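Student: I've got a new model open and I'd like to walk through it with you. Can we take it one question at a time?

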Amino acid sequence: MAFDIEMIKGVYNRMAERVDSARTVVNKPLTLAEKILYNHLWDGTTNSAFKRGKDYVDFAPDRIACQDATAQMALLQFMQAGKNKVAVPTTVHCDHLIQAKIGADKDLQTALNNSSEVFNFLASVSNKYGIGFWKPGAGIIHQVVLENYAFPGGMMIGTDSHTVNAGGLGMVAIGVGGADAVDVMAGMPWELKFPKMIGVKLTGKLSGWSAPKDVILKVAGILTAKGGTGCIVEYFGEGAKSISATGKGTICNMGAEIGATTSTFGYDESMERYLRATNRNEVADEANKIASYLTGDAEVYENPAQYFDQVIEINLSDLKPHLNGPFTPDLTTEVGKMTEKATKNGWPLKVEWGLIGSCTNSSYEDLSRAASIAKQAIDKKLVAKAEFGINPGSEQVRYTAERDGLLKIFEDLDAKIFTNACGPCIGQWAREGADKQEKNTIVHSFNRNFSKRADGNPNTHAFVASPSMVAAVAIAGRLDFNPLTDKLINQNGEEVLLDEPTGFELPPKGFEVDDPGYVPPIEDGSHINITVAPDSKRLQLLTPFTPLGNDIKGAKLLIKAYGKCTTDHISMAGPWLRYRGHLDNISNNMLIGAINAFNKETNKVKNQLTGEYGHVPDVARAYKAAGIKSIVVGDHNYGEGSSREHAAMEPRHLGVAAVIVKSFARIHETNLKKQGMLGLTFSNESDYDLIKEDDTFNFLDLNEFAPGKQLTLEIVHTDGSKDTIKLNHTYNAGQIEWYKEGSALNLIKKQNN
């Protein structure tokens, strides 16, 4: 069935008028992304063209999606907003709190036993406020959204950075923190700096071992982990049209790994096929009526350099399979070039696990292509040298794949079929032996491969590849295996060569499912009471933050982070996911993964009150107890990775007043602003080097905090010397009001009273 069809019709019915009006105002042809943005302006139409990368704009997204780990904090905040019901269609998906260990059934039951308090809370809040609820085991949020809610030309936000997956169906779908989602749930506009536009022209056609995954792995190598920051990436060209909708989703999904605001493709026949295959004929029919508005203008694609801020061209016919990693998703290596590179860098060549799934690559097409390699291994009497783990993307995919015999192929290769959930991709993997922290290599089809992310072992070298490449490399057991040329020895001592993968864009017999796992909310949930036990270790009602004020003097350095500091470093996932609904408990993981620039160690910083070294959260709590604010200093692209707003809420909770860095990842900077903190950048990046371990900080002109005006910081060193530096910020007038009120949520409550 098509959810929210009347809402979708409304979006389409106004699109022509608004886009035509915008084209006149802008006075040029429009990209697809611009069409969608201008069709979703909060004020309806505009009389002026927005400046890319400069103007803050208010938007009206069509819907919201939340996964269970981030939904807890989002809904705890929404409960304070004073609203009876969400203002736009909203869903909650329980996919993060299920640990992969034994297999689907037992792992799911364990999760239900261990996290029933959280699941019941989410289900009750969803029922009360009119939110659709997807039960544990229903599937991974982004695959479920693609199958049920995504629609060409729509705009959605989600409390997960990989919300961008819905670009596979031509949406502008953007990952945000929970506070942003609360704005939209409460019927308020959602603010975004109008993005720059990167165009990726795809020519040729994928074949052989190359897959859609290789497109984004290639792009990641070109743009790096921060090259897409502040930009929407729009794919176009004949090559784009040749890729399936789920393949497009894979490419858009990993756009989060280049820092892109989102990525998208124009509406085409592959999207129509997918809509119809997933029982959304009505959406396809409506989209066909305005098809020309659901893709970029022809002039844009004919002369992309005139209309995009940057253009990349990739010939899919020449694209080789890639393996990206370790420890960062933008370190690219073409298959066939791994031996020399791995040997030079000391990467273990023996592969111990091959993992297929995650929101990035868990479609029916992905499983069918990987299964074709697994079937060959069985038929050619090969024994897999590495262990296998499979996470289907949704119950619909799992049920259909089981019906069609795909899962049995993996099981015949001794693979573990895990629950329809994120599992190892977000650290929910009880990997045997990981606690020994031995140096090892795994390959997976996930999106991220940061240190410790999959199994908690900092010495696990994780490499990202397409599902079919993961299967081949895992069967061979060697990271440098090249299935295009290398032969394997089977049980009979014979040399065999793997054939190219084959698969199905869509299941030949159609999708089928018994119970998809969806629970609709009741019509009127006003009588439902939400209770949280005062002694709960998993959930904690929120207390509003107190404004930091204009007199921040005598603040102490908490940590000067060295090098890459992602949201995984700031607020780890894995075992810490259990505390995502309890701010005080989860704050005990704050910045414990960040490297201290002064001793190159993690979770060991100097307490200026005692002169001793302690854990980062403990030192922060000591400063807070003494009434002293603290400061965090960081490097480039600080806050890269997940959208988790806990990485902003924890420092706020533990008394951090400002985070000062060389540059921010987009979502994290916004999250800091939303929580009423100072997210600032060095005007002169070399000033990072001025910061000493015992420094104290005085803000000299916070009383003059204003858009476009630098702030002045006095750094007081222990020898009595001082440095005065300038700090930049991107706060507009409305965001400064968040700061003055203590948080964006505080302002919402004030406006609703």
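Tutor: Sure, and let's fix one word before we start: buried means under 20% relative accessible area. Keep in mind that this is a predicted model.

Student: Then let's use that word straight away. How many residues of helix 19 are buried?

Tutor: Helix 19 covers residues 467-476. The buried ones include Pro467, Met469, Val470, Val473 and Ile475, and Ser468 and Ala476 are also among them. The helix is largely enclosed by the rest of the structure, because the count of buried residues is 10 of the 10.

Student: Which elements cover the buried residues of helix 19?

Tutor: One helix on the list is helix 16. The cover also includes strands: strand 14 (351-356), strand 15 (387-390), strand 17 (440-444) and strand 19 (488-489). So you'd look for helix 19 behind these elements, given that it is largely enclosed: helix 16, strand 14, strand 15, strand 17 and strand 19 are included in its cover.

Student: And which residue follows helix 19, with a positive phi?

Tutor: The helix runs over residues 467-476. Just after it comes a residue with phi near 80°, and that is Gly477.

Student: Strand 17 came up in that cover. Which residue of strand 18 does Thr441 stand opposite?

Tutor: Strand 17 and strand 18 pair in the parallel sense, over 5 bridges. In general, strands of a sheet pair through backbone hydrogen bonds. Opposite Thr441, in strand 18, you'll find His461.

Student: Is strand 18 mostly covered or mostly open, and how many of its residues are buried?

Tutor: In a regular strand the side chains alternate between the two faces of the sheet. Here Thr460, Ala462 and Val464 point one way, while His461 and Phe463 point the other way, and all are buried. Strand 18 (residues 460-464) is therefore mostly covered, going by the 20% cut-off, with a buried count of 5 of its 5 residues.

Student: On to the barrel. How many strands does it have?

Tutor: The barrel is closed, its pairing is mixed, and its order is 22-25-26-27-30-29-28. The twist from one strand to the next averages 40°. The strand count is 7.

Student: Take strands 25 and 26 from that order. What stands opposite Gly634?

Tutor: Strand 25 (residues 630-634) and strand 26 (residues 656-661) run parallel and are joined by 5 bridges. Opposite Gly634, in strand 26, is Val661.

Student: Now the aromatics. Why is the pair Trp134 and Tyr149 edge-to-face?

Tutor: There are 21 aromatic pairs by the rule used here. Planes over 60 degrees apart count as edge-to-face. The ring centres of Trp134 and Tyr149 are 6.3 Å apart and their planes stand at 90°, so this pair is edge-to-face.

Student: Where does Tyr149 sit relative to Trp134, and how many residues apart are they?

Tutor: Trp134 is in strand 4 (residues 132-134), while Tyr149 is in the loop between helix 6 (141-148) and strand 5 (155-158). Trp134 counts as buried at 3% relative accessibility, and Tyr149 does too, at 4%. Their separation in sequence is 15 residues.

Student: Which residues form the cluster that includes Trp134 and Tyr149?

Tutor: Ring pairs do the linking here. Put together, the cluster is Phe3, Trp134, Tyr149 and Tyr518.

Student: Which helix is Gln675 next to in its loop, and is Gln675 buried or exposed?

Tutor: Gln675 lies in the loop between helix 24 (666-674) and strand 27 (678-682). Setting aside neighbours within four places in sequence, its contacts include Gln77, Phe545, Glu645, Arg652 and Ser743. So the helix is helix 24, and at 2% relative accessibility Gln675 counts as buried.

Student: What relative accessible area does His668 have?

Tutor: His668 is found in helix 24. Beyond its neighbours within four places in sequence, His668 is in contact with Thr567, Ile570, Tyr638, Gly639, Ala647 and Ala648. His668 is buried, with a relative accessible area of 3%.

How values were computed:
Residues are numbered from 1 along each chain as its sequence is written. This is a predicted model: local features need pLDDT of at least 70, side-chain atom pairs count only at pLDDT 80 or more; totals for chains, interfaces and linings use all residues. Side-chain values use heavy atoms; hydrogens and water are left out. Two strands pair if DSSP finds at least two bridges between them. Helices (H or I, at least four residues) and strands (E, at least two) are DSSP runs, numbered from the N terminus. Axes are lines fitted to C-alpha atoms, for helices over the stretch in contact, and angles run from 0 to 180 degrees between N-to-C directions. Rings of Phe, Tyr and Trp (its six-membered ring) pair if their centres lie within 6.5 Å; planes under 30 degrees apart count as stacked, over 60 as edge-to-face and the rest as tilted. Buried means under 20% relative accessible area, exposed over 50%, partly exposed in between (1.4 Å probe, protein chains only). Contact means heavy atoms within 4.5 Å.
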